[in-house]
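Student: Hi! Could you walk me through this structure? I'm new to this.
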Amino acid sequence: MDSLSKDFSGALKGVYISTYGCQMNVNDTERMFSLLEMINYAPVPSAEQAQLIIINSCSVREKPVHKVVSEVGRYKKLKMKNPDLKIGVAGCVAQQERGRLLKRLPLLDFVFGPDSIDELPEIVQKLDESKKPFHQTRLKNKEPYHIQTLIRNPKVTAFVNITKGCDNFCTFCIVPYTRGRERSRPIEHLLEDIKQLCGRGVKEVTLLGQNVNSYRSPCGAGFAELLKRLAKETPISRIRFTTSHPKDFDEELVSIIAEHRDKIMESIHLPVQSGNDEVLRRMNRGYTRKDYIEKVKIIFEKIPDAVLSTDIIVGFPGESEEQFKDTLSLLDEVPYEGIFAFCYSPRPFTKAALDPNPVPKKIQSERLKELNEKHQAFAFDLVQKYKGKVLDVLVEKRDEKGGLLTGRSSQNKLVYFSGPADLIGQEVPVCIEKAFPQTLYGRKI
């Protein structure tokens, strides 16, 4: 513990948080650090230096509980060496498993769900009083969603939660069961929140939610209204958002994005999940292939240089070879510059997990490989349009290994170029010389 006492003075204790999963989980971890700072905890770079360890878990992909069990097991020696070490699990696995985790893992001291994050200081203080492990996993579906974005040391970009939970109940998704029903933050709170972030040096915000475009402020304002007011009433330079649901992506929203292109970025992530109508119906997605393609046409009509990315699930229960081919053929109709494709994996509580017609793992893997290979075959050609173009890049950091500055263009491409470190935080025109699907290389103009 010598390094800890050297780095942290007084009564400060070390906390180590390992984080899995989505951007909302990353944002939740930052919130935990900020809350723990209020009760004299400071981040440490390794579990060996910590008096408190939290595993912020994700249950979206396969074997999430196994990952938690495996990581807790790695801390057994630390616990033996320091009996006062406290170990907890947060996130969606915590909400999913609740007290079962405590029974399965005697090393654990506490478990808390996403709706209990703001009670973390009280939870940690309770650890000193409690003589046995406990869990705090009540979902607060009917309570207002009133929070403030907590960031200890804001950088150029920041994530801002605007909604929490989900009401869609897609048959493959566990989110409604682990993060509860959908709740939205008041629009006035968000406007003030982002103004304060701008005052602390933030130039770009990414609005987060399981389904951001179903946002509905208690006053009735929807997502399009939120985007418009953020663009007009705050000094933020750039606005992004994720993730959108196609059924809620309407023409009004596209028009607002097009109208405020000076601030709202043209990169749009629109998860399709499947290109087959029957699979979409069984997924409970609420749209057809034709509906989706019509929305894509509207996007490109109003925003000609829009950049689309998507999520796709292969091997959904009962998916036939013909149905999978429909997903493959969708790539011929929609010019996705990025896809995030996954094999279906059953999640507890979900309807699809009960389907008696699972697709064999081997076939799932073959389909995933075929899908990725097809996309890779044309994704490289798609991005060659950026060569020779000058893109505005918001510089975020300097890559210490290569000595290059890195930042993102409005198209959400990671751009590398040479330049001095004092350009961090500025928008810089960069002429692109080499283009790859997610990474561009250029020179400052």
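Tutor: Happy to! Let's begin with a definition: a disulfide is a pair of cysteine sulfur atoms within 2.5 Å. Keep in mind that this is a predicted model.

Student: Okay, so how many disulfides does a search of the whole structure find?
Tutor: The search finds 0 disulfides.

Student: Why is Cys58 not bonded to the closest cysteine?
Tutor: The closest cysteine sulfur belongs to Cys22 and is 6.0 Å away, so that is too far for a bond. Cys173 is in no disulfide either, as its nearest cysteine sulfur, in Cys170, is 6.1 Å away.

Student: And is Cys58 buried or exposed?
Tutor: Cys58 is buried, with a relative accessible area of 18%.

Student: New topic: strands! What does strand 18 pair with?
Tutor: Strand 18 covers residues 427-435 and runs antiparallel to strand 15, residues 390-399, with 5 bridges joining them. One bridge pairs Leu391 with Val430. Strand 18 also pairs with strand 19, residues 439-444, again antiparallel and over 5 bridges.

Student: How many residues sit between strand 18 and strand 19?
Tutor: There are 3 residues between them, and the two strands form a hairpin. Across this pairing, Ile432 stands opposite Gly442 in strand 19.

Student: Which residues form the nonpolar patch on the surface?
Tutor: Phe380, Phe436 and Tyr441 do, with about 260 Å² of accessible area together. Tyr441 lies in strand 19.

Student: Why does Tyr441 count as partly exposed?
Tutor: Because its relative accessibility is 32%, and partly exposed means between 20% and 50%.

Terms used. Residues are numbered from 1 along each chain as its sequence is written. This is a predicted model: local features need pLDDT of at least 70, side-chain atom pairs count only at pLDDT 80 or more; totals for chains, interfaces and linings use all residues. Side-chain values use heavy atoms; hydrogens and water are left out. Two strands pair if DSSP finds at least two bridges between them. Helices (H or I, at least four residues) and strands (E, at least two) are DSSP runs, numbered from the N terminus. Patches are made of residues with over 30% relative accessible area and no salt bridge: like charges are joined within 9 Å, nonpolar side chains (Val, Leu, Ile, Met, Phe, Trp, Tyr) within 5 Å. Accessible areas come from the Shrake-Rupley method with a 1.4 Å probe; for residues, only the protein chains shown count as cover. A salt bridge is a side-chain nitrogen of Lys or Arg within 4 Å of a carboxyl oxygen of Asp or Glu. Buried means under 20% relative accessible area, exposed over 50%, partly exposed in between (1.4 Å probe, protein chains only).
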